[in-house]
Amino acid sequence: MKLVVRVKLLPTPVQAKALEETLHACNEAATWAAEIAFEQQTMKPLALRRHTYQQIKTRWGLGAQAAQHAIKKTCDAYTTLRAGLRNGNHGKPGSKRYAKAAGKPVAFRKDAAQPYDDRMLSRQHEQRTVSIWTTSGRMKNVTFTGQHEQLAVVAVHRQGESDLLRQGGQWYLLVTCDIPEAVPNEQPAGFLGVDLGIVNIATTSTGKRHSGRHLNRRREADRTLRSKLQTKGTKSAKRRAKKHAGKEARRARDINHKISKHIVAEAQRTGHGIALEDLGGVRDRARLRKPQRTTLHSWSFHQLGQFIAYKAKRAGIPVVHVDPAYTSRECSKCHHIEKANRPSQAVFACRSCGFAEHADRNASRNIGHRGWYLWVRGAESQAPALTLIA
């Protein structure tokens, strides 16, 4: 499986200046190539190369490999745009949003990621340095750092290109690694149901609840701080707002990593698979009052599901996605479904059999049951073959 590891670079001021000039030149060249591609309607690498390759090398001083990557990045951007238009990510054909996306060439931010292959980038893992190509020449002894486990993965499993990225004034290498997968567990003992929510970020069918109280409070505090700083509008307020930019997303990402790690470890320890709700399109289906919309749209359930899926795949744990309809209203004992079964957010009380349980745990049990049924229906039969006797 493919895994992207973020490695932080620690360049000196002189090195950072060279990296900045290189990244800006590559993205300016890619933006210019995108304009040519749009005008000529040549969005394939070989055809676009004929129109832009020599000019990119001469005008921006890029080397052969850097010029090739700038052109390929442009073509990949148009491929992604066409796929988004087909899938309706930019609205329906004929709408203003669709016309705006399709009616102009793509453009790249000056600090957008730039691919580097092995000819342009080499690593010295023991010294924790890299040698990297820049428009000012080959630059050696650029220090990098990261968690010990991540750097060990990079040293052993790195494969393919790495992306140079500047984000929030910091420099990173996004390194692609090819991680071997564990032997899949084709006969799980059952399925660990995971109910995702806002009050409790995740609740498992074994009763483990990962509360979202701290995260929700911090989000509210961040939103209040941003509002005050935007209203104030002074230079110091803008400087402070820039410092806090992305802090909420980084905190949520860290929490999602920790929760997914605990869930996968529990499933691996018990020999279970993992059943998740298929929550695609939930933001479009949900009907909420205006004060609740911010909370819903800040909810990173998709990211948490992705983290659980890739960690489970790496551990050989099967993951299934089930229909979430009525999981919160269905009794996990007698499977009676009624709206009145849910008298409050935290309480489930079945009107048919009298079973009472925390609402999120009851829902997670239903998800686990549906995951098991889905797995059994899709699994190959283990019954012995029939022998017909004439």
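Partly exposed residues are those between buried, under 20% relative accessible area, and exposed, over 50%. The model shown in these views is predicted.

**View 1. Glu181 and Lys313 form a salt bridge between distant parts of the chain.** The two side chains meet at 3.7 Å, N to O. Glu181 sits in the loop between strand 7 (170-178) and strand 8 (191-196), and Lys313 belongs to helix 11 (residues 301-315). In sequence the partners are 132 residues apart. Lys313 has 43% relative accessibility, so it counts as partly exposed. Glu181, at 42%, is likewise partly exposed.

**View 2. Asp118 pairs with Arg158 in a salt bridge.** Here the distance is 3.1 Å, N to O. Asp118 lies in the loop between strand 2 (114-116) and strand 3 (121-124), while Arg158 is part of strand 6 (residues 158-167), so the pair ties together parts that are 40 residues apart in sequence. Asp118 is partly exposed at 47% relative accessibility. Arg158 is also partly exposed, at 25%.

**View 3. Glu357, Arg361 and Arg365 make up a salt-bridge network.** Within this network, the side chains of Arg361 and Glu357 meet at 3.8 Å, N to O. Arg361 is partly exposed, with a relative accessible area of 24%. The structure as a whole holds 9 salt bridges.

**View 4. Five residues form a positive surface patch.** The members are Lys232, Arg240, Lys243, Lys247 and Arg250. Helix 7 (235-244) and helix 8 each give two or more residues to the patch. Arg240 is located in helix 7 and is partly exposed, with a relative accessible area of 44%.

**View 5. Ala252 is a buried residue of helix 8.** The helix covers residues 247-270. Ala252 has a relative accessible area of 5%, which is under 20%, and therefore counts as buried. The C-alpha atom of Ala252 is 10.0 Å from that of Arg218, a residue 34 positions away along the chain.

**View 6. The whole protein gives the setting for the close-ups.** Its secondary structure comprises 12 helices and 14 strands, and its C-alpha atoms fill a box of roughly 80 × 75 × 50 Å along the principal axes. Of the 390 residues, 40% count as buried. The accessible surface is about 22900 Å², with 52% of it belonging to carbon and sulfur atoms. There are 68 positive and 31 negative side chains, and the centres of these two sets lie 7 Å apart.

Notes:
Residues are numbered from 1 along each chain as its sequence is written. This is a predicted model: local features need pLDDT of at least 70, side-chain atom pairs count only at pLDDT 80 or more; totals for chains, interfaces and linings use all residues. Side-chain values use heavy atoms; hydrogens and water are left out. Helices (H or I, at least four residues) and strands (E, at least two) are DSSP runs, numbered from the N terminus. Buried means under 20% relative accessible area, exposed over 50%, partly exposed in between (1.4 Å probe, protein chains only). Accessible areas come from the Shrake-Rupley method with a 1.4 Å probe; for residues, only the protein chains shown count as cover. Lys and Arg count as positive and Asp and Glu as negative; His and the chain ends are not counted. The place of a charge is taken as NZ of Lys, CZ of Arg, CG of Asp or CD of Glu. Patches are made of residues with over 30% relative accessible area and no salt bridge: like charges are joined within 9 Å, nonpolar side chains (Val, Leu, Ile, Met, Phe, Trp, Tyr) within 5 Å. A salt bridge is a side-chain nitrogen of Lys or Arg within 4 Å of a carboxyl oxygen of Asp or Glu.
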